[in-house]
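Please open the structure in your viewer and keep the sequence at hand. The tour below proceeds by selection, and each stop states what is found there.

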Amino acid sequence: MLSMAETTGGSYKKLAEIKTKASTVKGIYNAICQAFGEEFFSLEEIEHAMKNGFIDVCTDGVIIWAD
């Protein structure tokens, strides 16, 4: 697993970097909700985005990508 600084999105644009040690879907969901100050995505949307490469889990946080 790479750090956020080492992770590239290819043709995706970086939407957000969120520092967290969370590694579970629920933990990442909570970190994203806390960072945005609201429930911006549902737990299911977070899981789907992780499976499809729109959220990268890194050693020091998560990156949300936009195409």
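Begin by selecting Lys14, which counts as partly exposed because its relative accessibility is 43%; buried means under 20% relative accessible area, exposed over 50%, and partly exposed in between (1.4 Å probe, protein chains only). The model is a predicted one, in which local features need pLDDT of at least 70 and side-chain atom pairs count only at pLDDT 80 or more, while totals for chains, interfaces and linings use all residues. Residues are numbered from 1 along each chain as its sequence is written, and side-chain values use heavy atoms, with hydrogens and water left out.

Add Glu17 to the selection. The side chains of Lys14 and Glu17 meet in a salt bridge, at 2.8 Å from N to O. The term denotes a side-chain nitrogen of Lys or Arg within 4 Å of a carboxyl oxygen of Asp or Glu. By this rule the count comes to one salt bridge. Glu17 is partly exposed, with a relative accessible area of 43%.

Which residues does Ile63 contact, leaving aside its neighbours within four places in sequence? Select Ile63, and both partners of the salt bridge appear in the answer: the contacts are Met4, Thr7, Lys14, Ala16, Glu17, Phe54, Ile55, Asp56 and Cys58. Contact here means heavy atoms within 4.5 Å. Ile63 lies in strand E3, residues 61-66; strands (E, at least two residues) and helices (H or I, at least four) are DSSP runs, numbered from the N terminus. Ile63 is buried, as its relative accessible area is 0%. Should you draw a distance from Ile63 to Ser23, 40 residues apart along the chain, the C-alpha atoms are separated by 13 Å.

Proceed to Lys13, in strand E1. Is Lys13 buried or exposed? At 57% relative accessibility, Lys13 counts as exposed. Beyond its neighbours within four places in sequence, Lys13 is in contact with Ile64, Trp65 and Ala66. The C-alpha atoms of Lys13 and Gly61 are separated by 17 Å, with their positions 48 residues apart along the chain.

Gly61 also belongs to the next stop, Thr20. Not counting residues up to four places away in sequence, Thr20 touches Ala31, Asp60, Gly61 and Val62. Thr20 is placed in the loop between E1 and helix H1 (25-36). With a relative accessibility of 15%, Thr20 counts as buried.

Now select Met1, in the segment before strand E1 (13-19). Met1 is exposed, with a relative accessible area of 70%. Its contacts, not counting residues up to four places away in sequence, are Val57, Cys58 and Thr59. Met1 and Val57 are 56 residues apart in sequence, and their C-alpha atoms are 7.8 Å apart in space.

Finish with Glu45, found in helix H2 (residues 43-51). Glu45 is partly exposed, at a relative accessible area of 44%. Select Glu38, Glu39, Glu44 and Glu47 as well: together with Glu45, these residues gather in a patch of negative charge on the surface. Patches are made of residues with over 30% relative accessible area and no salt bridge, with like charges joined within 9 Å and nonpolar side chains (Val, Leu, Ile, Met, Phe, Trp, Tyr) within 5 Å.

Conventions:
Accessible areas come from the Shrake-Rupley method with a 1.4 Å probe; for residues, only the protein chains shown count as cover. Lys and Arg count as positive and Asp and Glu as negative; His and the chain ends are not counted. The place of a charge is taken as NZ of Lys, CZ of Arg, CG of Asp or CD of Glu.
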